[in-house]
Amino acid sequence: MTDSQTPPEPQGDPHLDPPAQEEPQPHLGRVIRTGPRTGPASDRARRSAAWYDGDNRNTYLHRAWMRRGIPDHAFDGRPQIAIANTASDLAPCNSHLDEVAQSVKNGVYEAGGIPYNLPIISLGETTVRTTAMLWRNMMAMAAEELFRANPVDGLVLLGGCDKTIPALLMAAASVGIPAIVVPGGPMLNGTFQGRPLGCGTDVWRLSEEVRAGQLDADYFVKSESSMIRSRGHCNTMGTASSMACVTEALGMTLPGVAGIPASDSRLLEFSHATGNRIVSMVEEGLAPADILTPAAFHNAVVALAAIGGSTNAVVHLLAIARRVGVDVGLDDFDRIGADVPLLVNLQPAGEHLMEDLFRAGGFLAVMNEVKNLLDPGAITVLGTPFVDELAAHRVWDRDVIRTASEPLQPAAGIAVLRGNLAPTGAIIKPAAASPALLQHRGPAVVFDSVEDMHARIDDPELEVTADSVLVLRGCGPRGYPGMPEVANMPLPTKLLEQGVRDMVRICDGRMSGTAYGTVVLHVTPEAAAGGMLGLVHDGDLIELDVEGRSLTLLVSDEELAGRVPSAALTTAYAAPTRGWEKLYVQHVEQADSGADLDFLTGASGPDVMRESH
């Protein structure tokens, strides 16, 4: 990191309670101009001045085409703010973001800036094929290029669905223009016949009960419209909710916004205040590198564990860190987060939903419970310490937000596994697993592709027992391509009928953040990159030891040296001949590095590009 990116020195031991802080001030209902960290605006030229200042042919051209009713004073040096808007009817979790964008615009105007709506590629997790993860890097690359190519001085990033916030943060980190995030917020709680329904989590649960013959299929279908009953992203602690929370923990949102339901009017109030704040951030020169420091990533890992967050956040945080030049590795998630208590009683690790978390005190109330584990050197987009925001946030429902002394689970952070089956790492989420299976040895049942798994999983002749270890391979970034959410494989019907509801499953792909089970995922290297997963045979013994952090194929090195991947496996690997998929397969890195493209890591900066005319 450069000197300008060096974080503030932490005061005292980050594992001890920091000194008492002054009572936080409210952030809403006023124009926010807190905490300048660099010189005043008059000391620096705006990026947009390269387009608009002067009286030559090109500046005339830029101003004339941008007027369209904008007054002269729009070009007098006022901050030009792009609202990176991922609203799309085909990304239903983000479909309401046009309304959010209007509130941001109002706030930008009020603070003296000039706002512009900038539509960005949008990814609907549930509908995009092969998987939204294939397109995350494309979205990040396109957004980065648009941010740099346009006459903008600051960015407001609007995202909700799983990949949209990570992609926007990756782009903003690489460009380095002042930026702030507004998460789109979760949908309201679903209910059906008097029972709560959590989107995603209850899909997996109810579909298994139908396959087991324990639930009427008609009931399952009728619950569909009740599960998704409002705008917003998943209301469980899936990837979207997890990324909203860890983005706030990173300091990249106004404190208090993460988890506000999408249909709650307070989201629009925070959006207006965000429009205020980005103008001040431009005036102060407060850039992502000032906020996204090692201390910020430390706090994000603590947050991920305390909320029982999605395993997908690991891949996204690694990618964001590499964009901004912070040295965060897979082992840091285990080192920092493994012993953090699980405090949030939400599906899939608990019972409640995101609307309940907001009602119970919200994300910052959770962070206040683990304040002693946070790094006090991290700041927020306000330019002030993140830990200063916590004291004012109380817990109103102890069934939803537990105390650190009486947690839902005492140590539930992401566990990083290694061994001959995953020499560069694999992960598991103990909070969503069956405790009895966290130490397990069993024979492998191998599937060479998703299609192979679907074709055989319900075959009554499949040689499988409750002790078997289901292995699905060819699903990594390169092999599929894109690392789909298939690792939480359905269980064999004949075992469901016997009452089995969980088994050890191993995959080089991902699983939905709404999913649960004893699932080892993100195995690296993936099979398509020469990983040992490609050499497993049916019947091979596999040993999982989460406490010992190991994942071992109990086959001798001599035996493995003589094996080659099966033809069925290698035939199933992705082999694109053109377009984005070909570029992706040629350049994507492994999950332990964030699955970014090798030529996109790092930053290319906010420098103004060459003239267009």
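Here is a walk through a few parts of this structure: a sheet, a helix beside it, a cavity and a pair of aromatic rings. Keep in mind as you look around that this is a predicted model.

Let's start with the sheet. Strands in a sheet are held to one another by backbone hydrogen bonds, and they can run parallel or antiparallel. The one to look at here is an open sheet with 8 strands and mixed pairing. If you go across it from one side to the other, you meet the strands in the order 7-8-12-11-10-9-13-14. At the two edges you'll find strand 7 (415-417) and strand 14 (550-553); each has a single partner strand, so one side of each has no neighbour in the sheet. The sheet isn't flat from strand to strand, either: on average, neighbours are turned by 30° against each other, if you ignore direction.

Step in from the strand 7 edge and you can look at one pairing in detail. Strand 8 (residues 425-428) is joined to strand 12 (residues 519-524) over 2 bridges, in the antiparallel sense. To spot this on screen, find G425, whose bridge partner in strand 12 is T524. In this part of the sheet there's also a helix to find: helix 14 (residues 330-337) packs on the sheet and touches both strand 7 and strand 8. The direction of helix 14 makes about 135° with that of strand 7.

Helix 14 turns up again when we look for empty space inside the protein. The structure has 3 cavities of 30 Å³ or more, and the largest holds about 60 Å³ of space. Which residues line it? Its lining is made of V301, L304, A305, G308, G309, F333, G337, A412, G413, I414 and K429. Two helices, helix 12 (294-306) and helix 14, each give at least two residues to that lining. Helix 12 provides the largest share, with 3 residues.

Last stop: the aromatic rings. The model has 3 aromatic pairs, and one of them is W580 with Y584. Their ring centres are 6.3 Å apart and their planes meet at 50°, so this pair counts as tilted. Both residues belong to helix 21 (residues 579-587), and because they are 4 residues apart there, about one helical turn separates them. Are these two buried or exposed? W580 has a relative accessibility of 11%, so it counts as buried. Y584 comes out at 0%, and therefore counts as buried too.

Conventions. Residues numbered from 1 in each chain as written. Predicted model: local features only at pLDDT ≥ 70, side-chain atom pairs only at ≥ 80, totals over all residues. Heavy atoms only, no water. Pairing = 2+ DSSP bridges. Axes fitted to C-alpha atoms, helices over the stretch in contact; angles between N-to-C directions. Contact = heavy atoms within 4.5 Å. Phe/Tyr/Trp six-rings, centres within 6.5 Å; stacked < 30°, edge-to-face > 60°. Buried < 20%, exposed > 50% of the residue type's maximum accessible area, 1.4 Å probe, protein only. 1 Å grid on protein atoms, 1.4 Å probe; cavity = no way out; pocket = protein on both sides within 12 Å on 5 of 7 lines; lining within 4 Å. Points joined across faces, edges and corners; volume = space filled by probe spheres on them.
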